[in-house]
Amino acid sequence: MLWNSLLLALREIRRNVLRSILTLLGVVIGVAAVIVMVTLGEGATLAVRQQIASLGDNLLIVRPGQHMGPGMSSDAPAFQMDDVQALRRDIPALAAVAPAATQSITAIAGNSNWSTSVIGVDDQYLRARNWTIAAGRSFTGSELRAGKAVCILGATVREELFGAQDPIGQRVRLKKIACEVIGLLEAKGQSSMGSDQDDLVLIPLRTLQRRIAGNQEVRVIYLSVAEGRSPERAQADAERLLRERRHIVAGEQDDFSVRDMREIANMLTGTTRVLTMLLGAVASVSLLVGGIGIMNIMLVSVTERTREIGVRLAIGAREGEVLMQFLVEAVVLSSLGGLLGILLALGASVSLAGLLQVPFVFNPRIVAIAFLFSAVVGVIFGFFPARRAARLDPIDALRHE
Amino acid sequence: MPEGEHVHFRERRALNVAATARTPDAEPDEPPLIELRQVTKVYGRGTAEMQALRGVDLRIRQGEFVAVMGPSGSGKSTTMNILGCLDTPTAGSYWFKGVAVGGLDRDQRALLRRHYLGFVFQGFNLLSRTTALENVELPLIYRRTPAGERHRRAREALAAVGLTGWEDHTPAELSGGQQQRVAIARALVTDPAVLLADEPTGNLDSARSREIMELLTVLNRQRGITIVMITHEADMAAYAGRVVQFLDGLVERDGHPGDTR
């Protein structure tokens with residue numbers, strides 16, 4: 001019975017080449033659109049998540065003053081090295097406590113100059129921010145303690161000041177001091193906010209404080225929470241310790257802020273997720289349009305089909321056999337279209353992901369959903385008009401206008 | 001026994017089983033192949049009601065060649081559709097080989113058409129964009145005849161109607177006469193007990209018409225196929241052994257072709 005239906009269905013597909021191709025096309029376009037859109041959207045989400053991870057996992061950023069809105073913050077005293085020592089000593093959940101202070105300085109090397117951020121750091125900074133040294137070395141303990149004139153360049157600064165030259169051992173002038181370049185940072189590229197993460201120069205914190213800023217201030221402390229420890233606990237502990245050290249009584253507001261990178265991460269992934277849903281909605285519309293296309297083709301051919309069904313019934317086909325034939329035809333066309341759509345979508349997704357520089361994420365669920373939907377549409381619109389015809393008396397089907 | 005034949009037997013038996021339960025009363029000797037008793041057919045409802053048949057009685061024996069004549073609207077096509085199980089009577093009964101067709105369900109009627117009846121339509125009703133061979137094969141596919149035998153029998157049927165060499169042509173590539181012959185081949189390929197033909201020569205010139213009629217005569221005489229044929233032309237009716245004249249939904253006259261009023 002099934003073999004017979006397959007034979008009849010394949011003959012039907014072959015004799016209606018154009019109709020079959022159009023049906024197929026509707027399914028192919030619908031399936032491919034949904035898969036491509038969702039795949040790219042998920043790739044973008046993953047890209048954002050990866051960039052956030054590159055900022056440093058489990059990173060807490062402590063700044064004096066309260067962030068009160070865009071560009072506004074309350075005035076509050078900076079941290080001191082004592083605060084840093086206390087955090088290191090009293091909160092074991094912190095893998096790294098990295099104090100830093102930043103100055104905007106025009107760095108000069110030979111005839112080139114470049115305005116950049118000079119960040120005073122100590123030996124825990126690289127770990128807290130997930131930076132790695134691409135060439136040369138990091139600061140030594142004695143350089144940090146003595147406040148030596150040494151620096152590590154970000155990729156952008158290196159490019160701007162030295163071009164193709166090897167900068168290691170060369171000198172860069174930062175205001176009054178000439179720093180020896182001892183290392184180069186691995187490039188991180190653009191941040192998810194769009195700023196250049198490689199536009200910076202690292203020098204020992206003590207060098208910045210004493211020889212450039214002329215104070216003892218620590219403007220920001222990066223806290224890296226140890227693997228397996230609760231970031232919430234660590235954050236609460238750090239807040240309690242700092243309130244104590246800054247003599248803030250119960251009920252009074254903090255005069256510092258602790259920001260969690262995951263907050264930003266969640267916000268950004270939330271945004272891209274909304275985008276993915278939007279793309280998915282657009283794609284669903286194309287799936288629907290594809291479905292309507294299939295429906296049109298099937299309904300337009302109802303008259304012709306009804307007469308044919310009449311002929312088949314007249315020469316001895318049973319209703320069930322006619323139905324099985326059209327069901328098999330619809331299933332064959334829909335699944336073939338679905339498979340072609342999936343192949344097309346995977347090809348398009350891979351090349352578009354490469355073009356847009358987002359990772360390619362294969363989501364079998366979306367593939368399955370798109371495939372099933374198109375199959376159902378194809379089967380419904382291929383099958384139901386045929387069913388109506390097959391239930392007629394043969395003579396009525398033959399006379400159908 | 002090949003699978004196709006097996007199905008074939010089972011399907012025929014299913015019909016006969018239904019038959020024994022409803023054997024007509026008082027038919028001691030061989031019942032006629034076809035019998036209509038007081039068949040009426042009403043189309044439409046209310047004021048639009050149209051009575052196509054007003055109580056037709058008709059008996060056709062195995063091996064007869066019957067021409068059905070009458071003006072249009074006299075009920076001959078309706079009778080033909082009822083005989084072909086394409087349509088159902090409003091009242092009255094239709095007995096086929098002693099089986100009350102009215103007691104059969106849709107599927108059983110389909111099996112009756114499949115195994116006993118061949119229908120040649122006025123408008124050919126071939127599948128378009130389908131080769132002559134595939135058109136003729138179609139009834140055999142529903143009979144589940146194995147592919148090899150199917151091809152052979154379809155070619156033989158096409159040869160019998162003189163279409164050898166035209167197997168791979170679609171209806172659009174064939175003349176009206178050739179299409180009609182494909183339609184006859186399709187009706188014959190299953191070796192039906194009865195061939196029902198609705199104006200088989202209606203669209204053909206006289207030379208082609210004579211060819212078709214001679215073909216039908218041969219089928220009737222040599223293969224013993226019972227033929228019921230609607231025609232408008234007395235020339236064509238002359239080939240038949242019996243002429244049934246319809247008028248206003250009733251059989252007006254039933255006799256030999258030579259009889260005149």
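**Two chains and a sheet**

In this predicted model, 19 residues of chain A are in contact with 21 residues of chain B. On the chain A side, the elements that each give two or more residues are helix 1 (2–15), helix 10 (302–314), helix 11 (319–356) and helix 13 (394–398) of chain A. The most comes from helix 1 of chain A, which gives five residues. By type, the residues on the side of chain A that touches chain B divide into ten nonpolar, seven charged and two polar.

The next part to look at is a sheet in chain B. The sheet is open and has six strands, in the order 6-7-8-3-9-10, and the pairing is mixed. To find its two edges, look for strand 6 (117–120) and strand 10 (250–255) of chain B, each of which pairs on one side only. From one strand to the next, the twist averages 15°.

Within this sheet, strand 3 (residues 65–69) and strand 8 (residues 226–230) of chain B run parallel and are joined by four bridges. One place to see how these strands line up is B:A67, which stands opposite B:M229 in strand 8 of chain B.

A helix also belongs in this picture. Helix 6 (residues 176–188) of chain B packs on the sheet, where it touches strand 6 and strand 7 (194–198) of chain B. The direction of helix 6 makes about 170° with that of strand 6 of chain B. Strand 6 of chain B is thus an edge strand of the sheet and also one of the strands that helix 6 of chain B touches.

Key: Residues are numbered from 1 along each chain as its sequence is written. Chains are lettered from A and ligands numbered from 1 in the order in which they are written. This is a predicted model: local features need pLDDT of at least 70, side-chain atom pairs count only at pLDDT 80 or more; totals for chains, interfaces and linings use all residues. Two strands pair if DSSP finds at least two bridges between them. Axes are lines fitted to C-alpha atoms, for helices over the stretch in contact, and angles run from 0 to 180 degrees between N-to-C directions. Two residues are in contact if their C-beta atoms, placed from the backbone, lie within 7 Å. Ala, Val, Leu, Ile, Met, Phe, Trp, Tyr, Cys and Pro count as nonpolar, Asp, Glu, Lys and Arg as charged, and the others, Gly among them, as polar.
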